[in-house]
Amino acid sequence: MQSWFFTEDAYPYLPEASTYESIRVNLPNKYYDPDKGADLYHMYLDLWCAADELGLEVMVNEHHQTATCVVPAAPIILGILARQTKRARLLILGNPIANRSQPLRVAEEMAMIDVISRGRLECGFVRSVPYEAAPANVLPFRGMQRLWEAHDMIVKAWTTHDGPFNFEGRWFQARQINIWPRPYQQPHPPIWITVGSGRSTIPVAQHKYTGAVFLAGYPRIREIYDGYRTAYRTAHGQEAPLDRLAYAALVYVGENAQQARAGAEKVLWYMTSNKVPQHWSNPPGYHPPAIAAQIMRGTRGGAGLPLAPRLDEQMARGNVFAGTPDQVFAQIKNFWEYAGGFGHLLMMGQAGFLTYAETLTSMRLFTQEVYPRLQELTASCDSERLQALRAGQPDKEFADLGAFGVEFVR
Amino acid sequence: MQAGVNTIAVQGIDLQVVRQGTGRPLLVLHGGDSPQGLASFLTRLAERFEVIAPTHPGFAGTAIPEHFDTLADLVYLYLDLLDVLDLHDVILMGMSMGGWVAVEVAVRNTSRLSQIILVDAVGIKPGDRDTRDIADIFGLPAPEVAKLLFHDPAQAPSPATMTDEQVTRLAGDRIAHAMYTWEPYMHNPKLRYRLHRINVPTLLLWGASDGMVPVAYAEAYRQMIPGARLVVIPEAGHLPHIEQPDVVLQHVLAFVAR
């Protein structure tokens, strides 16, 4: 199993949540102190470099107009890391290409990063979370159509080497496409796409791309992964390799249970801070009408109330892995078996006020004491044995998603 | 004319159309709110007119044609509807987004039209780039939107008191509304340069308390449409036909009798 270190690069120095409507979209940036922000950027870059040195892979992402993630341009962070890291694979998850007016810019940026890093780029494409609609000024309706058309243009730009070609699609047009540089990896960097339902995995599996799932936990993971594996089998007549599936969770490893709990509570800031009102979390066309209606009625998450996810609940759901190295290994192993296996663990290892030192403690413990066992676990496991392990675990029952917004389970 | 909802094939689309009453043809284009909300007002109109009130594709649970993605799709749909029904001497009435569609129809072809009535219509951008001429109803909490749209916000439909089916339809209406109006938001930058082509009498009816497109917006619209008249309706917001149906009806009758 490949493990990836990830932080959203939050700016946590905010006033009381009761004094603002939303942490996203319209929180005034007068609350952002550029001096503190500079320190944070350097701390986060140091953490990613530490991950590289420890033997972890590196993951970055982007959001806009939000204190939860002050990276509105992930390619800039990745450009720095392409130069400063030495060995890690560099995953951007991802480029919000449904919201970009010109996908060619993405094709060019990614090609540059791939060349600078001498072929270490893993290129993710995402539809984006609902709160990105307002900052991007893009209607989320038919976002997946836009994503796939932009993807087609980018891949063709990466793989065409004999001069300009024409691309006049429904959403994106360019008539003289001929990017410089072309990617380092041939025919192009590996592609990842986030998936949030069994159905959404179908085109991802058909392309043999890695499907990444964020925080679906025990309640949703089987439906999504089964969707991928079935689609892969249908399209290619063989089982999906483990490394085609990824799972993102919050992770904190401590020397002892008490230290682990304290660290995990800090990482949980990612969830507890997400105060977002309905008009940002439920833009028209992001969710199908039946889901949007549930949010409008307040019978489903996403209503933007201050969320109060508890650590124990989130651990039980498989959204947080936290404890001593033995405990974390056991938690991941159990989830991995329940899920029917996956090849990538995307670890949000830092959030909120978790310090550099606290983060590094967890990263070291993970790398030294958990990671080798995970690699052993995946190396020794074939598809048949996995299915047998999985069959040994009945479907877990969860009443509902509670206050946990649907936007997290996408 | 038999009252009820008909399905009329236009451009290969099964268009849902309420046809009700007899008299001069009155084509009514609803706004971003539920077309069902118009039912009682249409019944009043049908006492005097042959009412033809289509449901914009995507509203009220109807499908959005795959190739639809802009307001112009509605404009050509209704230009074709006028031809398909071979209507003449038509009074064209549109509310809010429907008013914008009506104007776009009129700047293309008024040969089947005799009069135009615009109720709190959007479609133009009178101010400069820094001016928010039209409230961003997709970027505000629902109670704030209700205050902008209604003189009496208690009149606003509330998801809390609706059935699941009604809320799901409302959510679907919202998607369609956004698809037709998202960018440029609720207006066509070119429209002001085409309004001179409107050569039939035009009446603007406006709720005095409209907070989404205030009366100043109506005044700008009036100045851009040759010979247009503006009547401001007290104690009404963005939907005067809902909040003051009698007053709206009176003005409609007086206008068409001129």
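Select T359(A) to begin: in this predicted model, the residue has 25 C-beta neighbours inside 10 Å and therefore counts as buried, the cut-off for burial being 20 or more. T359(A) belongs to helix α14 of chain A, which covers residues 356–379. Display next the residues that T359(A) touches beyond four places in sequence, namely L47(A), G349(A), Q350(A) and L354(A). Then add V267(A): 92 residues separate V267(A) from T359(A) in sequence, yet their C-alpha atoms lie 9.4 Å apart in space.

**Along α14 to α13 in chain A**

Keep α14(A) on screen and add α13(A), residues 325–339. The axes of α13(A) and α14(A) are 10 Å apart, and the two helices pack at an angle of about 35°. The crossing of α13(A) past α14(A) is right-handed. To show the contact itself, select P325(A), V328(A), F329(A), I332(A) and K333(A) on α13(A), together with L365(A), E369(A), V370(A), R373(A), L374(A) and L377(A) on α14(A). Coloured by class, this contact of α13(A) with α14(A) shows eight nonpolar residues, three charged ones and no polar ones.

**Helix α7 of chain A**

From α13(A), proceed to α7(A), residues 217–236. Which elements pack against the buried residues of α7(A)? They are α6 (201–206), β8 (210–214), β9 (245–253) and α13 (325–339), each in chain A. The buried residues to highlight on α7(A) are G217(A), I221(A), I224(A), Y225(A), G227(A), Y228(A), R229(A), A231(A) and Y232(A). A distance drawn from the first C-alpha of this 20-residue helix to its last gives 27 Å, close to the 28 Å expected at 1.5 Å a residue. Step just past the end of α7(A) to G237(A), where phi is positive, at about 70°.

**The α3 and α5 pair in chain A**

Now select residues 103–116, helix α3 of chain A, and residues 143–159, helix α5 of chain A. Their axes approach within 9 Å and cross at roughly 45°. The helices α3(A) and α5(A) are therefore oblique to each other. As in a view down onto the pair, the handedness can be noted: α3(A) passes α5(A) in a right-handed crossing. Show the side chains of P103(A), L104(A), V106(A), A107(A) and A111(A) on α3(A), which meet A150(A), M153(A), I154(A), A157(A) and W158(A) on α5(A). The residues of this contact comprise 10 nonpolar, no polar and no charged.

**Across to chain B**

Bring chain B into view beside chain A. How many residues of chain B are in contact with chain A? There are 18, and they meet 15 residues of chain A. On the chain B side, 12 of the touching residues are nonpolar, three are polar and three are charged.

Within chain B, select helix α5, residues 164–181. Its 18 residues should span 26 Å at 1.5 Å a residue, and the end C-alpha atoms are indeed 26 Å apart, which agrees. Of these 18 residues of α5(B), 15 are buried, so the helix is largely enclosed by the rest of the structure.

The final stop is E219(B), in helix α6 of chain B, residues 215–224. Is E219(B) buried or partly exposed? With 15 C-beta neighbours inside 10 Å, E219(B) counts as partly exposed. Add L230(B) to close the tour: L230(B) and E219(B) are 11 residues apart in sequence, with 7.3 Å between their C-alpha atoms.

How values were computed:
Residues numbered from 1 in each chain as written. Chains lettered and ligands numbered in written order. Predicted model: local features only at pLDDT ≥ 70, side-chain atom pairs only at ≥ 80, totals over all residues. Axes fitted to C-alpha atoms, helices over the stretch in contact; angles between N-to-C directions. Helix = DSSP H or I, 4+ residues; strand = E, 2+ residues; numbered from the N terminus. Parallel < 35°, antiparallel > 145°, perpendicular 65-115°, else oblique. Left-handed = near helix turned anticlockwise from the far one by under 90°. Contact = placed C-beta atoms within 7 Å. Nonpolar A, V, L, I, M, F, W, Y, C, P; charged D, E, K, R; others polar. Expected span 1.5 Å × (residues − 1). Buried ≥ 20, exposed ≤ 12 C-beta atoms within 10 Å, placed from the backbone.
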